[in-house]
Amino acid sequence: MPIDPHLLALFFVTSVIAMVIPGPDMLFVLGCGMRGGPRAGLLATAGVATSEAVHVAVAAAGLAALFAAVPVAFTVVRVAGAAYLIFLGVQTLRHRRDVDAAPAGVSGRRAYLNGLLTNLLNPKMVTFTIAFLPQFIDPGLGHVWAQFAILGAVLIALEFLVDGTVGVLAGRIGDWLRRRHTARRRLNATVGTLFIGLGIRLAAER
């Protein structure tokens with residue numbers, strides 16, 4: 001086996017604990033599910049998971065060293081990600097009263113792309129991956145790329161299990177809320193505020 005089974009078990013337990021604590025990814029998926037239904041929640045999770053695969057590849061290649069060598073690159077990407085989230089929130093608030101529009105507040109394709117871009121534009125995810133995954137790599141076993149791949153696969157599977165479940169359940173609740181115009185307006189206002197809050201939080205982080 002190309003990876004230490006004890007380190008793999010420890011990685012699994014640590015990742016589960018980290019994922020069940022609500023964070024930006026979970027809140028984003030929750031918002032997409034509530035606006036677009038279970039499918040949108042699941043596709044938002046798929047977008048986040050795809051970006052995590054990119055982050056794992058970046059970590060394995062050591063490209064995150066760019067942030068250490070050029071600190072301004074970290075700031076630029078962080079601000080871009082925050083601005084994108086705030087933009088999504090403002091757009092949602094602007095259209096919160098469009099209750100006669102299509103039943104789904106966000107398409108599956110848009111949910112996927114938003115999940116992908118939001119997580120890709122969060123440089124803290126790259127630096128977290130760089131700091132987190134190597135703790136469970138044993139260079140003495142060789143096949144470092146294979147070890148990264150296994151850990152990345154476990155991380156992505158857990159992403160679907162945890163955040164995917166949240167997105168689907170939020171979608172079920174959102175379907176019920178969208179049948180009621182007043183509740184739908186409040187739902188859009190809540191989700192828009194949530195996205196803006198996440199953007200401000202990302203911009204304020206150091």
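Here, a residue counts as buried under 20% relative accessible area, exposed over 50%, and partly exposed in between. With that cut-off in hand, Leu120 at 29% relative accessibility falls into the partly exposed group. The views below are all taken from a predicted model.

**View 1. The whole protein is a run of helices.** Before zooming in, here's the overall layout: the protein has 9 helices and 0 strands. Reading along the sequence, you get the pattern α-α-α-α-α-α-α-α-α. Of the 206 residues in the protein, 43% are buried. The protein exposes about 10,200 Å², and carbon and sulfur atoms supply 70% of that area. Take the contacts between residues at least 6 apart in sequence: 87% of them join residues at least 24 apart.

**View 2. Helix H2 packs against helix H3.** This close-up shows H2, residues 24–36, and H3, residues 38–61, whose axes come within 6 Å and cross at roughly 150°. An angle over 145 degrees counts as roughly antiparallel, so that is how H2 runs relative to H3. The crossing of H2 past H3 is right-handed. On the H2 side, the contact is made by Asp25, Phe28, Val29, Cys32, Gly33 and Gly36. H3 brings Pro38, Ala40, Gly41, Ala44, Thr45, Val48 and Glu52 to the contact. Sorted by class, the residues where H2 meets H3 come out as 7 nonpolar, 4 polar and 2 charged.

**View 3. Phe28 of H2 is tucked away from solvent.** Phe28 sits in helix H2, and its relative accessibility is 2%, so it counts as buried. What does Phe28 touch once its neighbours within four places in sequence are left aside? The list is Ala44, Leu85, Leu88, Ala111, Asn114, Gly115, Thr118, Phe195 and Leu198. One of these, Ala44, also belongs to the H3 side of the contact with H2. Asn119 is worth finding in this view too: its C-alpha atom is 9.7 Å from that of Phe28, although the two residues are 91 apart along the chain.

**View 4. Asp25 is a charged residue with little exposed surface.** Stay on helix H2 and look at Asp25. Asp counts as charged, yet Asp25 has a relative accessible area of 16% and is buried. Setting aside neighbours within four places in sequence, Asp25 is in contact with Val48, Glu52, Asn119, Met125, Glu159 and Asp163. Val48 and Glu52 both appear on the H3 side of the contact with H2, so you can use them to get your bearings here.

**View 5. H3 also packs against H6.** Now follow H3 to another helix: H3 and H6 pack at an angle of about 35°, with their axes 7 Å apart. This crossing is right-handed. From H3 come Arg39, Ala40, Leu43, Ala44, Ala46, Gly47, Val48, Thr50, Ser51, Glu52, Val54 and His55. They meet Gly108, Arg109, Ala111, Tyr112, Gly115, Leu116, Asn119 and Leu120 in H6. By class, the contact of H3 with H6 has 10 nonpolar, 7 polar and 3 charged residues.

**View 6. Ala40 of H3 takes part in the contact with H2 and in the contact with H6**. Ala40 lies in helix H3 and is buried, with a relative accessible area of 2%. Not counting residues up to four places away in sequence, Ala40 touches Cys32, Val106 and Ala111. Of these partners, Cys32 is among the H2 residues of the H2 contact with H3, while Ala111 is among the H6 residues that meet H3. Look for Gly167 as well: Ala40 and Gly167 are 127 residues apart in sequence, but their C-alpha atoms are 7.6 Å apart in space.

**View 7. Leu120 belongs to helix H6**. Helix H6 covers residues 108–120. Which residues does Leu120 contact, leaving aside its neighbours within four places in sequence? They are Ser51, Val54 and His55, and these three are among the H3 residues that meet H6. From C-alpha to C-alpha, Leu120 is 9.0 Å from Thr50, with their positions 70 residues apart in sequence.

**View 8. Pro5 is found in helix H1.** Helix H1 spans residues 5–20 and includes Pro5. Buried or partly exposed? Pro5 is partly exposed, with a relative accessible area of 48%. Pro5 and Phe136 are 131 residues apart in sequence, and their C-alpha atoms are 9.9 Å apart in space.

Conventions:
Residues are numbered from 1 along each chain as its sequence is written. This is a predicted model: local features need pLDDT of at least 70, side-chain atom pairs count only at pLDDT 80 or more; totals for chains, interfaces and linings use all residues. Side-chain values use heavy atoms; hydrogens and water are left out. Axes are lines fitted to C-alpha atoms, for helices over the stretch in contact, and angles run from 0 to 180 degrees between N-to-C directions. Helices (H or I, at least four residues) and strands (E, at least two) are DSSP runs, numbered from the N terminus. Angles under 35 degrees count as roughly parallel, over 145 as roughly antiparallel, 65 to 115 as roughly perpendicular and the rest as oblique. A crossing is left-handed if the near helix is turned anticlockwise from the far one by less than a right angle, and right-handed if clockwise. Contact means heavy atoms within 4.5 Å. Buried means under 20% relative accessible area, exposed over 50%, partly exposed in between (1.4 Å probe, protein chains only). Accessible areas come from the Shrake-Rupley method with a 1.4 Å probe; for residues, only the protein chains shown count as cover.
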